[in-house]
Amino acid sequence: MTISVGTTTASDPPATSGSRPRRGLRPGPPTWIVRSKALVWTVAGLGLAASAWTLVAASGQFPAELFPALPEIWRAGYGLWLDGVLTEDIVASSRRAATGFVLGALAGIAAAVLTANTATGRRLLQPVLRLLAPVPTIGLVPLAILWFGLGEDSKALVIALGVFVPVWINSHTGLSSTPHDYLQAARCLGASRRQTLLRIVLPEAAPDIVSGLRVGAAMSFVLIVVAEMTGTTAGIGYRIYQSQMFSQADRVIACLIVLGIIGAACDLAIASVTAPLTKWSEKEH
């Protein structure tokens with residue numbers, strides 16, 4: 001790793017001609033091959049899951065109205081789409097999930113910087129956060145409703161709190177595990193605390209921060225179902241609750257599949273956007 005401050009640069013010594021190449025620097029297969037293989041395995045896994053579902057549905061072990069076949073699930077989802085309610089639900093849920101995710105992610109990273117890099121944060125803030133982290137976010141829904149009512153604020157609060165915990169835990173782990181040699185080198189080169197944080201600590205912790213963001217994004221779509229069960233007339237969570245009230249299992253499953261697709265798309269988007277920040281970690285492994 002290269003550390004540069006001002007005009008001074010400290011780097012690893014160059015490899016001699018007789019030295020063995022580092023294992024982590026060996027070129028891997030082209031990116032398109034890796035992605036093609038991942039796509040093939042994904043399709044194979046989905047096909048296996050669909051086959052298993054079809055076999056169970058055809059076995060007659062469960063009532064058809066409670067365990068519908070895949071064509072019935074497709075018709076239910078397509079019917080919601082034709083009615084226009086599915087598009088409205090997707091837009092409403094995505095907006096709420098995005099709002100809660102952004103708030104929770106920003107708060108989680110900021111808190112991690114304080115707890116991992118400041119003495120006050122470690123002594124004052126970290127014990128409180130470790131005490132609150134195990135509290136189930138779903139249990140905070142009634143409190144959020146009492147504080148903010150049934151509007152959008154309570155839903156954003158519930159999702160933000162659920163996102164905050166994994167983002168803070170992963171970010172704190174990454175920020176507090178910077179190799180001591182890197183910090184020592186930065187001090188020897190005269191780097192300020194701000195320079196050390198921006199040029200060494202944050203880049204070194206990037207893989208952990210990204211992992212926290214991806215877990216937090218998944219958590220936002222888990223909590224959107226709970227958050228939308230009260231005080232709303234649109235959203236995938238609301239549609240699932242309404243379908244369950246009328247014993248429409250095909251609609252419930254169709255909405256869950258849509259929610260899973262949106263969540264997977266968000267995870268891929270985060271991974272793609274943050275790939276340049278974590279590329280060095282992949283090379284070392």
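**Helix α4 and its surroundings**

Hi everyone, let me start with a bend: helix α4 has a kink of about 40° at Leu125, shortly before the proline Pro127. Please keep in mind that this is a predicted model.

So how far does α4 reach from its first C-alpha to its last? The helix covers residues 119–132, which is 14 residues, and it spans 20 Å, close to the 20 Å expected at 1.5 Å a residue.

Now, which residues of α4 are buried? They are Gly121, Gln126 and Leu129. If you follow those buried residues outwards, you will find them packing against α3, residues 85–117, and α6, residues 152–175.

Let's step back to the whole protein. There are 10 helices and 2 strands, and along the sequence the pattern reads β-β-α-α-α-α-α-α-α-α-α-α. Of the 285 residues, 32% are buried. Take the contacts between residues at least 6 apart in sequence: 70% of these join residues at least 24 apart. As for the surface, the protein exposes about 17,500 Å², with carbon and sulfur atoms supplying 66% of that.

One last stop, for those of you with the structure open: Leu256, which sits in helix α10, residues 249–284. Why does Leu256 count as partly exposed? Because its relative accessibility is 44%, and partly exposed runs between the 20% and 50% cut-offs. You can also look from Leu256 across to Arg239: the two are 17 residues apart in sequence, and their C-alpha atoms are 10.0 Å apart in space.

That's my tour, thanks for listening!

Terms used: Residues numbered from 1 in each chain as written. Predicted model: local features only at pLDDT ≥ 70, side-chain atom pairs only at ≥ 80, totals over all residues. Heavy atoms only, no water. Helix = DSSP H or I, 4+ residues; strand = E, 2+ residues; numbered from the N terminus. Expected span 1.5 Å × (residues − 1). Bend = angle between axes of the 7 residues up to and from the residue. Buried < 20%, exposed > 50% of the residue type's maximum accessible area, 1.4 Å probe, protein only. Contact = heavy atoms within 4.5 Å. Areas by Shrake-Rupley, 256 points an atom, 1.4 Å probe, with all protein chains shown as cover.
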